[in-house]
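Welcome! Here is a short briefing to read alongside the structure. Take a moment to look it over before you start.

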Amino acid sequence: MLAVLQAFSPRHHTLTARDLAESTGIPLPSMYRYIALLRETGLLVGDERGAYHLSARLISLARAAEAAESIIEVADPVMRDLVRECGETVILVQLIARVPVCVHRVESAHHFRATFEPGEQLPIDRGASGRVLLAGLPPQLRRDYLAPLAETDAAAAARLEHAAGETAERGWAVSEEEIDRGVWAASAAVTDGRSTVAALTVPSPLVRSPASIQERLLNQVRRAAQQVSDLLRDAERS
């Protein structure tokens, strides 16, 4: 299906099933199945002539990719400084298509470390990164995100919404063993002056982040997130 999507271009924006089969090398019967799946997901639109084009739903994904690339360029030097300062891996997480995704990572030198691969999805209902990103949403949109959870566990959704509200007020969150066993994490909001655009997070093995140093790690993450936020605002003004 990725090959089908990649067959489209600005010059070849409307293609028939036969065009797609020829350009991808996928047999025509299989192509019709892939087209049906892509239409069901809303990524492909057909017309009365039997031709297809990409749907507007992909515009938001393209914008998310563009935003991720620009913020990575700004955040990377700050993240590298933070790794040197705190000695732990640092990740940058953004909401993409309603899912928290690790868009950038700078690893520490430790052999034993908590880490997430770029492109890896994180849960929005668990962990410090998800809580910061959830907190950055407008209240009604936050409730929309939590609607599936509310249908199965109303109490859990209410607790998460309350926690997100508290996180929105302070701009940071911590978590302990919510995603991976033995891992504590501190996360702070990166903003563009208007809204939260990412979460800067340090996931640390508990063996290196006992309670006695957690406040120091949190403060380091908060300072770094503020620095990235300031750089983003400066870049927009220039």
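Does Y34 count as buried, partly exposed or exposed? With a relative accessibility of 30%, Y34 counts as partly exposed. Please keep in mind that this is a predicted model. The points below visit two helices, α3 and α5, and then some salt bridges.

**Helix α3 and its surroundings**

- Y34 has its place in helix α3, which covers residues 28-40.
- Together with M1 and L37, Y34 makes a nonpolar surface patch of about 250 Å².
- You can check the length of α3 yourself: at 1.5 Å a residue, its 13 residues should span 18 Å, and the C-alpha atoms at its ends are indeed 18 Å apart, so the two values agree.
- Four names to look for are S30, M31, I35 and L38, the buried residues of α3. They cover an arc of only 140° around the axis, which means that they sit on the same side of α3.
- What do these buried residues pack against? Their partners are α1 (2-6), α2 (17-24), β2 (44-46) and β3 (51-54).
- Turn to the face of α3 that points away from its buried side, and you will find the exposed residues P29, R33 and E40.
- After α3 comes G42, and its phi is positive, near 80°.

**Helix α5, an enclosed helix**

- Why is helix α5 (residues 128-135) described as largely enclosed by the rest of the structure? The reason is that eight of its eight residues are buried.
- The buried residues of α5 are A128, S129, G130, R131, V132, L133, L134 and A135.
- S129 is a good one to pick out: it belongs to helix α5, and it counts as buried because its relative accessibility is 5%, where buried means under 20%.
- Leaving aside residues up to four places away in sequence, S129 touches V93, L122, S187, A199 and T201.

**Salt bridges**

- Side chains of opposite charge can pair when their charged atoms come close.
- How many salt bridges are there in this model? The count comes to 11.
- One of them joins R223 and E85, whose closest N and O atoms are 3.3 Å apart. This pair links distant parts of the chain, with R223 in helix α8 (residues 211-237) and E85 in helix α4 (residues 57-86), 138 residues apart. E85 is partly exposed, at a relative accessible area of 42%.
- Another salt bridge brings together the side chains of R105 and E117, at 3.2 Å from N to O. R105 lies in strand β5 (residues 99-106) and E117 in the loop between β5 and α5, so the pair ties together parts that are 12 residues apart in sequence. E117 counts as partly exposed, with 45% relative accessibility.
- R105 and E117 also belong to a network of salt bridges that links them with E107.
- Helix α5 returns here, as the side chains of R131 and E178 meet in a salt bridge (3.1 Å, N to O). R131 lies in helix α5 and E178 in the loop between β6 (172-176) and β7 (183-191), so this pair ties together parts that are 47 residues apart in sequence.
- Are R131 and E178 buried or partly exposed? R131 is buried, with a relative accessible area of 11%, whereas E178 counts as partly exposed at 28% relative accessibility.

Key: Residues numbered from 1 in each chain as written. Predicted model: local features only at pLDDT ≥ 70, side-chain atom pairs only at ≥ 80, totals over all residues. Heavy atoms only, no water. Patch = residues over 30% accessible without salt bridge, like charges linked within 9 Å, V, L, I, M, F, W, Y side chains within 5 Å. Areas by Shrake-Rupley, 256 points an atom, 1.4 Å probe, with all protein chains shown as cover. Salt bridge = Lys/Arg side-chain N within 4 Å of Asp/Glu carboxyl O. Helix = DSSP H or I, 4+ residues; strand = E, 2+ residues; numbered from the N terminus. Buried < 20%, exposed > 50% of the residue type's maximum accessible area, 1.4 Å probe, protein only. Expected span 1.5 Å × (residues − 1). Arc of directions from axis to C-beta. Contact = heavy atoms within 4.5 Å.
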